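Thanks for sharing this one with me. Here are my notes as numbered points, to be read alongside the model.

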Amino acid sequence: MNWPTRYSQSARMAKRSAIRELLKLTARPDMISFAGGLPAPELFPVEEVRDACVRVLTDRPSRSLQYGESEGFPELREWIALRESRGGVRVDPGQVLITQGAQQALDLVGRCLLDRGEVAWVEDPTYLALLTAWRGVGAGFAPCATGPEGWTRVKSGRAFGRPPRVFYANPNFQNPTGATWTRETRRRVVEQARAEGVALVEDDPYGDLGFQGDTPPSLWSMDAERAGLGRGGGNVVRIGTFSKVLAPGLRLGWVVAPEEVVERMVAVRQGMDLHPGTLAQSVVWELVQRGTLERQVPRLRTAYQERCEAMIRSLEEADLPGVTWNRPEGGMFLWVRLAEGECAEKLLRRALEVGVAFVPGAEFWVEQKASNTLRLNYSHTNPERIREGVRRLSSVIRAG
Ligand SMILES: Cc1ncc(COP(=O)(O)O)c(C=O)c1O
């Protein structure tokens with residue numbers, strides 16, 4: 001069989017990232033990797049997960065190993081609905097769909113809301129795997145800037161000839177920049193979306209990981225309040241995940257959306273994976289009942305703040321000319337700008353030789369492609385290794 005002639009258009013268009021191939025080198029034991037968006041493995045609640053596995057396989061083996069409901073376990077949907085009901089806005093369990101991580105939620109949203117050739121508005125830079133997922137349905141992207149005045153179109157946006165269908169945002173501790181939208185930005189964006197008839201996709205994997213605790217209200221709840229709805233269900237589709245607060249290997253996340261959107265997503269997912277894994281749902285349900293999440297979240301916030309500060313202090317001490325970075329208030333990432341004219345991709349090749357890895361920013365840009373930017377992850381590495389990693393990185397930056 002001549003396979004290349006048999007591939008679909010979307011398979012032909014799908015690209016494996018050259019950078020990801022390079023980053024395979026990060027598996028080397030001496031490598032300090034600031035590349036992946038990985039949680040700290042030593043903070044996984046291993047004992048609790050082990051106990052939960054034994055408990056669910058002892059008490060409810062059939063439910064944990066049998067096929068399950070397409071929407072996910074009703075008890076877990078109910079719990080998520082309660083957790084998402086904040087600020088006087090109620091979420092109904094019927095508005096919740098359990099997914100295999102936030103990534104599947106994004107894929108489902110793309111398949112349900114975008115046709116080939118349609119345009120999604122995104123911040124520039126934005127979450128890389130969102131671009132991969134929605135390119136798969138043939139969508140185009142138009143870059144926007146966001147601020148207290150809401151969203152503004154980036155002038156050079158080529159795709160702006162066509163009307164936008166959705167606006168994708170990651171308003172808390174954004175991947176890759178670590179930036180968080182202010183309350184005012186949220187209010188304006190929610191208003192603009194209503195005025196222009198654009199669906200807002202609010203992807204919020206990091207919202208629980210604010211160093212100081214709570215983040216501003218969600219777009220979902222602001223939109224519902226704005227529309228005078230006692231319960232959400234207006235213009236926003238909100239996405240959450242257990243990946244960053246429990247463990248990504250569980251592959252469990254969720255979508256909160258108006259019932260009719262959930263219903264469409266269920267129809268689509270039935271041709272995809274039938275339902276989310278029952279063993280993972282059983283384990284997560286057991287963990288939430290035992291209060292594991294309430295214990296994990298403060299631990300993670302403290303540890304990640306310490307790691308973030310260690311990284312920033314190490315960069316300050318390195319005193320690299322022309323190099324600047326943001327100060328995230330939560331999440332997992334630091335966004336760094338090298339001096340004008342420097343290239344982060346070239347720097348990566350040299351950095352790998354001295355045993356430190358990161359992701360060049362160009363991966364995340366839709367249009368601007370600022371090649372002097374890079375993303376550093378601090379959650380995965382302990383403070384001592386962070387200091388050593390920044391020392392290695394600084395030596396190659398300084399060597400030019
Ligand atoms: C912004 C954003 N959305 C979605 C995801 C995917 O998360 P999950 O592991 O739940 O699929 C990630 C993971 O890094 C992310 O950073």
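1. A word on terms before the details: a residue is called buried under 20% relative accessible area, exposed over 50%, and partly exposed in between, with a 1.4 Å probe and protein chains only. This is a predicted model, in which local features need pLDDT of at least 70, side-chain atom pairs count only at pLDDT 80 or more, and totals for chains, interfaces and linings use all residues. Residues are numbered from 1 along each chain as its sequence is written, and side-chain values use heavy atoms, with hydrogens and water left out.

2. Let me begin with the salt bridges (a side-chain nitrogen of Lys or Arg within 4 Å of a carboxyl oxygen of Asp or Glu). The structure has 25 of them. In helix α8, R188 pairs with E191, with 3.4 Å between the closest N and O atoms. These two residues sit three apart in α8, about one turn of the helix. R188 is partly exposed because its relative accessibility is 27%, and E191 is also partly exposed, at 22%. Helices here are DSSP runs of H or I with at least four residues, strands are runs of E with at least two, and both are numbered from the N terminus.

3. Helix α3 offers another pair: the side chains of R50 and E47 form a salt bridge at 2.8 Å, N to O. Because they are three residues apart in α3, about one helical turn separates them. R50 has a relative accessible area of 46%, so R50 counts as partly exposed.

4. Please also look at E316 and R327, whose salt bridge brings the closest N and O atoms to 2.5 Å. This pair links distant parts of the chain, 11 residues apart: E316 belongs to helix α12 (residues 292-318), and R327 to the loop between β10 (324-325) and β11 (333-337). E316 is partly exposed at 38%, whereas R327, at 55%, counts as exposed. Elsewhere, E84, E202, D204 and R238 are joined into one network by salt bridges that share partners.

5. Which residues lie closest to the centre of the largest pocket? The space in this pocket is about 1100 Å³. Of its 44 lining residues, R20, Y127, L128, A129 and T132 are the closest to the centre. Elements giving two or more residues to the lining are α1, α2 (18-22), α6 (101-113) and α7 (128-135), and α7 gives the most, with five. As for the term, a pocket is an open set of points on a 1 Å grid over the protein atoms alone, where a 1.4 Å probe fits and protein lies on both sides within 12 Å along at least five of seven lines; lining residues have an atom within 4 Å of a point.

6. The lining of the largest pocket divides by class into 21 nonpolar, 13 polar and 10 charged residues. Here Ala, Val, Leu, Ile, Met, Phe, Trp, Tyr, Cys and Pro count as nonpolar, Asp, Glu, Lys and Arg as charged, and the others, Gly among them, as polar.

7. The backbone deserves a check in a few places. Most residues other than glycine have a negative phi, and most peptide bonds are trans. The D124 to P125 peptide bond is cis, with omega near 10 degrees, and P125 is in the loop between β3 (119-123) and α7. The bond from N175 to P176 is cis as well, with omega near 25 degrees; P176 is in the loop between β6 (164-169) and α8 (183-196).

8. Two non-glycine residues with positive phi are also worth a look. R251 has a phi of about 50 degrees and lies in the loop between β8 (236-241) and β9 (253-256); R251 is partly exposed, at 36% relative accessibility. For L274, phi is about 65 degrees, and its place is the loop between α10 (259-269) and α11 (278-290). L274 is partly exposed, with a relative accessible area of 43%.

9. Finally, R60 is in the loop between α3 (46-59) and α4 (61-65). Its C-alpha atom is separated by 27 Å from that of L43, 17 residues away along the chain. R60 counts as partly exposed because its relative accessibility is 23%.

Note on methods:
Grid points are joined across faces, edges and corners, and a volume is the space filled by probe spheres set on the points.
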